[in-house]
Amino acid sequence: MEISEPVERREAVAVRRREVSFASGRDECAAWLYAAPDLNGPRPMVIMGHGLGAVREMRLDAFAQRFAEAGWSVLVFDYRHLGASGGMPRQLLDIGRQRADWHAALAFVRTLPEVDVERIALWGSSFGGGHVLQVASEGAGIAAVVAQCPFTDGPASLRSRIQAGPLSVVALTIAGILDTVGSWFGAKPILLPMAGTSWMPAFVASPDALAGASALLPAGTRLSRRTSAVLKRLPSVRARVSKNIELTENDGGEEPSTAVGRDTMWGVLRGPDGEFDAANALAARLALRLPLYRPGRALGRFSTPTLLCVCDNDAAAPAKTTKRRAQGLAHVHVQSYPCDHFDIYVGEHFERAVRDQLYFLATQFDYTAHATQ
């Protein structure tokens, strides 16, 4: 299906956002719940989760605001071990636990009286875009799925990562082995950068990785002193980091403690006015699991209407593989955008993606409402 209908920006309804949390396993996931308090009766719900190591402050609020202005409720959550959510050790990305977080979020929203349980959609971006496909295939009972720049095939992403920097992939793999072995004995995770340059042992090292990932953080986000000092000695790397990120001078005082729990040379980030904490770092053990994760295969195991928003120049989640997975599936609609992986979160590509997603979700929510009457 080609989404070509224009979506008129009607007068936005008043939107309220509040902090909530829900249990997942033994921990709590922190979330924002967006709602339009002036609207009566149960309304559709969109559950939103981010990508590889990212937190909700990295532009998910921009998407959620638009959806909430359409009159829908929106839940935006941080995975366990990341951001404002609980879970130790910090900066751990466990694929099974993250999928469990999605199921926990679903269970939570179904308890809310303002939610129409027949009209719940999953919206995932990047790594989360892969998760929502897998969750939808597990009998989640949802009305629609939106997967934005989705990670669908580990081997395809690995091949792209090797092309970006083969030697750094070797370092990434060795660190993954050491971290995995260390985890068996209770050692602290070995942390490696989520986004970096081709010579860094980073999970994402495409040419746009540092600039794109850092541009998702709000202006005024402050980088830890240790990493700020490193960047000052590496002006070529500093030039790739978004101007949204401010460096911190070493004044000899103690570095403020953060929810990340420890410093890392790859960058600990504190939001404006200390609103959130994040890190450009993930436990290295993920390097052994990423190539084995192929959530795109789940597309053929469910029939829920699904929109794939694919970035044609995507090196982190190659578009060609995602499109091939969608071929011949009547319930899957593909929209392509002439941009890199991170471009879809900002500017003109963001505006077009939001327009397409609003139209798709409105159509599916309306169809579900008529079908259940």
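1. A good place to start is the lining of the largest pocket: by class, 26 of its residues are nonpolar, 10 are polar and one is charged. Please keep in mind as you look around that this is a predicted model.

2. The largest pocket has a volume of about 570 Å³. Its lining is made up of 37 residues, and those nearest the centre are Leu52, Phe203, Val204, Leu290 and Ala316. Two elements, α4 (154-164) and α5, each give two or more residues to this lining. Helix α4 provides the largest share, with seven residues.

3. Next, have a look at the second largest pocket, whose volume is about 400 Å³. Here 27 residues form the lining, with Ala195, Leu210, Thr227, Trp266 and Asn280 closest to the centre. The elements that contribute two or more residues are α6 (209-214), α7 (225-233) and β11 (277-279). By class, this second lining has 21 nonpolar and six polar residues, and no charged ones.

4. Now turn to the surface. Which residues form a nonpolar patch there? They are Ile177, Val181, Trp184, Phe185 and Leu288, and together they have about 550 Å² of accessible area.

5. One member of that patch, Ile177, sits in helix α5, which runs over residues 166-184. Is Ile177 buried, partly exposed or exposed? Its relative accessibility is 43%, so Ile177 counts as partly exposed; that class lies between buried, under 20%, and exposed, over 50%. Helix α5 is thus worth a second visit: Ile177 of the patch lies in it, and α5 also gives two or more residues to the lining of the largest pocket.

Terms used: Residues are numbered from 1 along each chain as its sequence is written. This is a predicted model: local features need pLDDT of at least 70, side-chain atom pairs count only at pLDDT 80 or more; totals for chains, interfaces and linings use all residues. Side-chain values use heavy atoms; hydrogens and water are left out. Patches are made of residues with over 30% relative accessible area and no salt bridge: like charges are joined within 9 Å, nonpolar side chains (Val, Leu, Ile, Met, Phe, Trp, Tyr) within 5 Å. Accessible areas come from the Shrake-Rupley method with a 1.4 Å probe; for residues, only the protein chains shown count as cover. A salt bridge is a side-chain nitrogen of Lys or Arg within 4 Å of a carboxyl oxygen of Asp or Glu. Helices (H or I, at least four residues) and strands (E, at least two) are DSSP runs, numbered from the N terminus. Buried means under 20% relative accessible area, exposed over 50%, partly exposed in between (1.4 Å probe, protein chains only). On a 1 Å grid over the protein atoms alone, a cavity is a set of points where a 1.4 Å probe fits but cannot get out, and a pocket is an open set with protein on both sides within 12 Å along at least five of seven lines; lining residues have an atom within 4 Å of a point. Grid points are joined across faces, edges and corners, and a volume is the space filled by probe spheres set on the points. Ala, Val, Leu, Ile, Met, Phe, Trp, Tyr, Cys and Pro count as nonpolar, Asp, Glu, Lys and Arg as charged, and the others, Gly among them, as polar.
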